[in-house]
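Here are some exercises to work through with the model open beside you. Try each task before you read its solution.

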Amino acid sequence: MNKPHAVVPDVALESLDKDDPDLPASRPVSVQSVPEIPEYLRKVYTWAYLTPAYSRYLDTSLVVSAILWGNMNRLMRAGFSEFEPGQSVLQPACVYGSFSAHLAARLQPGGHLHVTDVAANQVEACRAKLTDYPNSLVGFADAAHPRDRDYDGVCCFFLLHEVPEDYKRRIVDSLLAATRPGGKTVFVDYHGPHWAHPLRPIMIVVWRLLEPYAIALSKNEIRSYASKDLADAFTWRKETYFGGLYQKVVAERRP
Ligand SMILES: C[S@@+](CC[C@H](N)C(=O)[O-])C[C@H]1O[C@@H](n2cnc3c(N)ncnc32)[C@H](O)[C@@H]1O
């Protein structure tokens, strides 16, 4: 069967232990450079993304939905509604649960999903989830690094709030630059909740304790992270959800 991990020449696995018995026997042998794990990810999110034992438990739609106060499906739908069957779409970081499979399904027939991440265990897990979608590729890339191709769309789901400010700028520019004229870059992420939102005090504590780079998104527009030339090449719109706690920002590249 034409599984993604059998057809993806750009998946590199040299960062994994060569004797790891859990690796699929059909793993590709070609090697592409694996990006370094960024310092913020090691410092803040090792427990969430870099520890396979925990990741296995966290990697369910139920957990993601709980973290998002029951809004996962709504936010997924909001993001996916911007894309159409037949398009080639970049997802620049893995997402727990069935997000990538739903996005891959949305692009069928004829579309392509390209998922990238910096963490080997996340790449492996995502490849396993996309075995039914042979038009999907899962590989290594740092979302802040420039891409060498244009996509019809980019779907950046809850990545920006996990990265420091300089990284937010680099990621936003890199993803905008990877979007073809007429295409869309879509960001779904946290936003500043209304002052009377009952969850606001809880979220502020959660951000302070666990997600130190998230609070900036309650103050800054995502557009403000783009360099001026790129920002001006796009039209921007924003919608908020759940009392302003979440946002979708769509940047559409002028033809
Ligand atoms: C999209 S974010 C969080 C999404 C959401 N909390 C979830 O997983 O359901 C999580 C992923 O981002 C990846 N990541 C973090 N920084 C990255 C970067 N600079 N480039 C690519 N992937 C990155 C992590 O390895 C992790 O797999």
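**Exercise 1. Work out the strand order of the open sheet, and find which strands stand at its edges.**

Solution. Start with the order: seven strands form an open sheet, β3-β2-β1-β4-β5-β7-β6, and their pairing is mixed. Here strands are DSSP runs of E with at least two residues, helices are runs of H or I with at least four, and both are numbered from the N terminus. Two strands pair if DSSP finds at least two bridges between them. Next, look at the ends: β3 (136–140) and β6 (234–241) each have a single partner strand, so one side of each lacks a neighbour in the sheet. Finally, neighbouring strands are turned by 15° against each other on average, direction ignored.

A word on the ground rules: this is a predicted model, in which local features need pLDDT of at least 70 and side-chain atom pairs count only at pLDDT 80 or more, while totals for chains, interfaces and linings use all residues. Residues are numbered from 1 along each chain as its sequence is written.

**Exercise 2. Describe the pairing of β5 with β4 and with β7, and say how enclosed β5 is.**

Solution. Take β7 to begin with: β5 (residues 179–190) and β7 (residues 246–253) are antiparallel over seven bridges, and T185 stands opposite A251 in β7. On the β4 side, the pairing with β5 is parallel over six bridges, with F157 opposite V188 in β5. Now count burial: nine of the 12 residues of β5 are buried, so β5 is largely enclosed by the rest of the structure. A residue is buried if 20 or more other C-beta atoms lie within 10 Å of its own, exposed if 12 or fewer, and partly exposed in between, with C-beta atoms placed from the backbone.

**Exercise 3. Find what α5 packs on, and where its buried residues sit.**

Solution. Helix α5 (residues 72–80) packs on the sheet, touching β4 (151–157), β5, β6 and β7, and its direction makes about 165° with that of β5. Axes are lines fitted to C-alpha atoms, for helices over the stretch in contact, and angles run from 0 to 180 degrees between N-to-C directions. Contact means that the C-beta atoms of two residues, placed from the backbone, lie within 7 Å. The next step is to list the buried residues of α5: M72, L75, M76, G79 and F80. They span an arc of only 130° around the axis, which puts them on the same side of α5; the arc is that of the directions from the helix axis to the C-beta atoms. Their cover includes α4 (61–67), α6, β4, β5, β6 and β7.

**Exercise 4. Is D142 buried or exposed, and which residues does D142 contact beyond its neighbours within four places in sequence?**

Solution. Locate D142 in the loop between β3 and β4. D142 has 21 other C-beta atoms within 10 Å, so it is buried. Leaving aside neighbours within four places in sequence, its contacts are P35, P38 and V118. P38 and D142 are 104 residues apart in sequence, yet 8.5 Å apart in space, C-alpha to C-alpha.

**Exercise 5. Compare the surroundings of F158 and F242, two residues with positive phi.**

Solution. Most residues other than glycine have a negative phi. F158 has a phi of about 55° and lies in the loop between β4 and α8 (165–177). F242 has a phi near 55°, in the loop between β6 and β7. Counting neighbours inside 10 Å, F158 has 22 C-beta atoms and is buried, whereas F242 has 18 and is partly exposed.
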